[in-house]
Amino acid sequence: MLAVQRRDAVMALLARRGAASVEILAEDLNVSTSTVRRDLEELEGAGLLTRVRGGAVLAPIPTPPDAPEPLPA
């Protein structure tokens with residue numbers, strides 16, 4: 001599997017689960033934990049996810065500075 005395919009698979013898994021551990025990602029992708037960590041570092045650098053102890057979570061979607069304030073509930 002190519003790096004770009006792995007990174008797409010990581011993002012798809014995080015989109016479904018919201019978070020995943022390095023071990024789960026490595027098992028699902030059939031790669032080493034070192035490979036997963038490198039992919040997570042690359043994706044974090046692109047602002048797509050946030051690395052946390054032992055895994056990663058999706059990065060929050062930034063709100064544009066000119067977006068209107070949400071109405072109170």
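How many bridges join strand 2 to strand 3, and do these strands run parallel or antiparallel? Four bridges join strand 2, residues 49-52, to strand 3, and the two run antiparallel. Please keep in mind as you read on that this is a predicted model.

## The sheet

Let us stay with the strands for a moment. The open sheet has three of them, in the order 1-3-2, with antiparallel pairing. Strand 1 and strand 2 stand at the edges with a single partner strand each, so one side of each is left without a neighbour in the sheet. Neighbouring strands are turned against each other by 20° on average, direction ignored. As a general reminder, strands of a sheet pair through backbone hydrogen bonds, either parallel or antiparallel.

Now for the individual pairings. Strand 1 is joined to strand 3 by three bridges, and these strands run antiparallel. There, A19 stands opposite V57 of strand 3. On the strand 2 side, R51 has A56 in strand 3 as its bridge partner. Strand 2 and strand 3 form a hairpin with two residues between the strands, and in this hairpin G54 takes a positive phi near 85°.

## Helices on the sheet

Two helices can be placed relative to these strands. Helix 1 packs on the sheet, where it touches strand 1, strand 2 and strand 3. The direction of helix 1 makes about 70° with that of strand 3. Helix 3 lies across strand 2 and strand 3, and it runs at about 135° to strand 2.

## Helix 1 against helix 3

How are these two helices arranged with respect to each other? Helix 1 and helix 3 pack at an angle of about 75°, and their axes are 10 Å apart. That angle makes helix 1 roughly perpendicular to helix 3. From helix 1, the residues R6, R7, V10 and M11 meet T35, D39, L40, E42 and L43 of helix 3. Sorted by class, this contact has four nonpolar, one polar and four charged residues.

D39 deserves a closer look. This residue is found in helix 3. D39 counts as buried because its relative accessible area is 1%, with under 20% as the cut-off. Leaving aside residues up to four places away in sequence, D39 touches R6 and R7.

## Helix 2 and its buried side

Which residues of helix 2 are buried? Helix 2 spans residues 22-29, and V22, L25, A26 and L29 are the buried ones. They cover an arc of only 100° around the axis, which puts them on the same side of helix 2. The general geometry fits in here: an α-helix has 3.6 residues a turn, so residues three or four places apart point the same way. The buried residues of helix 2 pack against helix 1 (3-17), strand 1 (19-21), helix 3 (33-45) and strand 3 (55-58).

The packing with helix 3 can be described further. Helix 2 and helix 3 pack at an angle of about 110°, with 9 Å between their axes. By that angle, helix 2 is roughly perpendicular to helix 3. On the helix 2 side the contact is made by V22, E23, L25 and A26, and on the helix 3 side by T33, V36, R37 and L40. By class, the contact of helix 2 with helix 3 has five nonpolar, one polar and two charged residues.

## The residue after helix 2

Helix 2 is followed by N30, which is found in the loop between helix 2 and helix 3. If you are scanning backbone torsions, stop here: phi of N30 is near 60°, a positive value in a residue other than glycine. Is N30 buried or exposed? N30 is exposed, because its relative accessible area is 71% and over 50% is the cut-off.

## After strand 3

The last stop is P70, in the segment after strand 3. P70 counts as exposed because its relative accessibility is 70%. This residue makes a handy contrast with D39, which is buried with a relative accessible area of 1%. P70 and D39 are 31 residues apart in sequence, and C-alpha to C-alpha they are 35 Å apart in space.

Conventions:
Residues numbered from 1 in each chain as written. Predicted model: local features only at pLDDT ≥ 70, side-chain atom pairs only at ≥ 80, totals over all residues. Heavy atoms only, no water. Buried < 20%, exposed > 50% of the residue type's maximum accessible area, 1.4 Å probe, protein only. Arc of directions from axis to C-beta. Contact = heavy atoms within 4.5 Å. Axes fitted to C-alpha atoms, helices over the stretch in contact; angles between N-to-C directions. Parallel < 35°, antiparallel > 145°, perpendicular 65-115°, else oblique. Nonpolar A, V, L, I, M, F, W, Y, C, P; charged D, E, K, R; others polar. Pairing = 2+ DSSP bridges.
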